[in-house]
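Please open the model in a viewer and follow the stops below in order. Each stop names what to select and then states what is found there.

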Amino acid sequence: MSEPTHNRTVLVLLDPATEVRSSVLELLTIGRSLGRVEAVTLEAPSVEALAQLGAYGVETVHQAELPAELRGDARHLSAVVAEVLAAAVRLTDADVVLAPSTFAAKEAAALAGRALGAGVVIDAAGVTSGTDGRVVATKRVFAGSWDTACEVTTDVAVLTVRANAVVAQPAEAAVATEVEGFAVTVDAPLPAVAARTATARDADRPTLEEAAIVVAGGRGTGGDFGPVTELADALGAAVGASRDAVFEGWFDRYVGQTGVTVAPRLYIGAGISGAPHHRGGMQASQVVVAVNNDPEAPIFEICDFAVVGDLSDVLPQAAEVIRAHKQQA
Amino acid sequence: MRIVVLVKYVPDINAERKFADCRVVRDPSEGTLNELDENALEAALRIVEALPDDERETSEVVALTVAPPAGDVALRKAYQMGVDRGVRVSDEALADSDYFGTTTALAAAVRRLETEGPVDLVVTGMAALDGLGSVVPALLAADLGRPSLTFAKTVTVADGALTITRETDEAAETLTAPLPALLSVADTANTPRFPNFKLIMAARSKTIEEWSAADLGLDAATVGAAGARTATTQAAPRPEKPEVELVQDKGSGGRELAEYLIRNELV
């Protein structure tokens, strides 16, 4: 990453603040390439989170102090997060806001842009400084078939960035991180949050959105995700599925343009035909591998490597070779 | 009950989608109703169908789009599914709108509908399959000063309140708000109805109201390219992938797959 050419202040949304997810580490890395990076949270960061922020060059964390009625589940509403981001920009006179491309963060980014009169880019694949000092985002669109560049023409730029846009890198020297509170009020009409259960995260496996490797199963699994999971475990990968497989009730989360959109270093699709909907969710992956017993499967048109064969034979064999290779290494 | 459903005219995802001069090519022969808006139409129609007879008879479902005239395809499809009315906002001044310009135009159209009578609900799909930003529903709710209940998996309207459940990346939630409100529905919310022959025939002759930017009192500086806060400066097709390495499994396909990954330092 080149050294910052502008004296920008870049705010990165850290929500939740109990951990610093890999997507946020990537945002901090991008932020440092654009200017001085600071974090914004809606709760007290954990000790571990503070240490990681320090390692990534964050000297200041701005922690929102919300009115009592918004400190519970309501603080997760995108309209509340948006007010926090907008207030933090006003407080710090920041030039750039970076947030992950999750559903809630996208809404919050857009609403913050609305409040600030700032240009907004959603799902950026990269963020750079343009020749005139403006922020330029690259996007991969139309199911990964086109690359576009989008210039933000306002003084403040708000962007959500897809996971795996860059390789996260700590700062050259760690810094001490201070937490500073700031008061935030919210005027927007809000729905009441009648119930909220945070999604349980599998501690042994990366999340689908953030994983560097994804193994996904489709109709061809016949409902048995054993071979898919076995290969994912061997690779340290996240597990996903096609929409068909989720509608069949075989798995809970699907990769697709309306499901989880992934762009990992390596994507392996097993028993997935590769309908346009699915391709829209994974075609931006760097390397695509497919296993399918139908030699006419459309997914073969967009792969780098493919095996025509039965996934229940191919995946366990591949997993065994990979495990043996890892043991040697 | 009066419901406005937003529909978008988008390039067919099964056709070749492309840019020319940094703008999305919208070929009328390959444009279609955004598939995810069918879930929005279905949700709106079901809400009305569940009402008692007297309330149902006075209800109205309006499909609203911002599009060039070719966008009537989307409104015809909405008529086929059973909406009562189709409105298209068209104006050269709206071309190249960003999220905010689009929302400004939509909000002005909803407000104009509100001058005829209250609009209880604005309903949208979870995203448009061309841009996939998913942010216009929340922005529109903010412009209209309504609570936004987005990405619904289940929808209940009762006693003047909207309640949804949803499952986002982060959590499973139940949200509730009094009407008027804005609702967006996920593609898992329902299975859109297949239009019957009678409605398909009837849709052909339905009127589509056309409103201009001036009809809505829009300031041309706030919409279209003039009001946009972002500008697409480059658009290029990605290079074709090299020919796929295809292996027929004759007993060692898994090993060959693993060796490919190891050779390319992906393990």
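Select Asp96(B), which at 41% relative accessibility counts as partly exposed, because that class lies between under 20% for buried and over 50% for exposed. The model is a predicted one. Asp96(B) sits in the loop between strand 7 (85-89) and helix 4 of chain B. Its phi is positive, about 65 degrees, although Asp96(B) is not a glycine. Most residues other than glycine have a negative phi.

Select next Asp21(B), where phi is also positive, near 50 degrees, again in a residue other than glycine. Asp21(B) belongs to the loop between strand 3 (19-20) and strand 4 (23-24) of chain B. Is Asp21(B) buried or exposed? With a relative accessible area of 76%, Asp21(B) is exposed.

Return to chain B and display helix 4 (residues 99-116) together with helix 5 (residues 136-144). Two packed helices are described by the angle between their axes and the distance between the axes. Here the axes of helix 4 and helix 5 of chain B come within 9 Å and cross at roughly 50 degrees. Helix 4 and helix 5 of chain B are therefore oblique to each other. The crossing of these two helices of chain B is right-handed.

Now show the side chains of this contact. Helix 4 of chain B contributes Tyr99(B), Phe100(B), Thr103(B), Thr104(B), Leu106(B), Ala107(B), Val110(B) and Arg111(B). From helix 5 of chain B, they are met by Val136(B), Leu139(B), Leu140(B), Asp143(B) and Leu144(B). The residues of this contact comprise 9 nonpolar, 2 polar and 2 charged.

Turn to the strands of chain B. Strands of a sheet pair through backbone hydrogen bonds, either parallel or antiparallel. In chain B, an open sheet of 7 strands shows parallel pairing and follows the order 9-13-8-1-6-7-14. Its edges are strand 9 (148-152) and strand 14 (208-211) of chain B, each of which pairs on one side only. On average, neighbouring strands of this sheet are turned by 20 degrees against each other, with direction ignored.

Within this sheet, select strand 1 (residues 2-6) and strand 6 (residues 60-66) of chain B, which pair in the parallel sense over 5 bridges. Which residue of strand 6 of chain B is the bridge partner of Ile3(B)? The partner is Val61(B).

Two peptide bonds deserve the next stop. Select Leu179(B) and Pro180(B), which are joined by a cis peptide bond with omega near 5 degrees. Pro180(B) lies in the loop between strand 12 (171-178) and strand 13 (181-185) of chain B. Then move to chain A and select Asp15(A) and Pro16(A), where the peptide bond is cis and omega is about 5 degrees. Pro16(A) is located in the loop between strand 1 (8-13) and helix 1 (22-34) of chain A. Most peptide bonds are trans.

Finish at Leu257(B), a residue of helix 8 (residues 253-263) of chain B. Leu257(B) is buried, having a relative accessible area of 0%. Display also its contacts beyond the neighbours within four places in sequence: Val289(A), Val291(A), Phe305(A), Val307(A), Val314(A) and Ala318(A). To see how sequence and space compare, add Asp219(B): Leu257(B) and Asp219(B) are 38 residues apart in sequence and 59 Å apart in space, C-alpha to C-alpha.

Notes
Residues numbered from 1 in each chain as written. Chains lettered and ligands numbered in written order. Predicted model: local features only at pLDDT ≥ 70, side-chain atom pairs only at ≥ 80, totals over all residues. Heavy atoms only, no water. Helix = DSSP H or I, 4+ residues; strand = E, 2+ residues; numbered from the N terminus. Buried < 20%, exposed > 50% of the residue type's maximum accessible area, 1.4 Å probe, protein only. Contact = heavy atoms within 4.5 Å. Axes fitted to C-alpha atoms, helices over the stretch in contact; angles between N-to-C directions. Parallel < 35°, antiparallel > 145°, perpendicular 65-115°, else oblique. Left-handed = near helix turned anticlockwise from the far one by under 90°. Nonpolar A, V, L, I, M, F, W, Y, C, P; charged D, E, K, R; others polar. Pairing = 2+ DSSP bridges.
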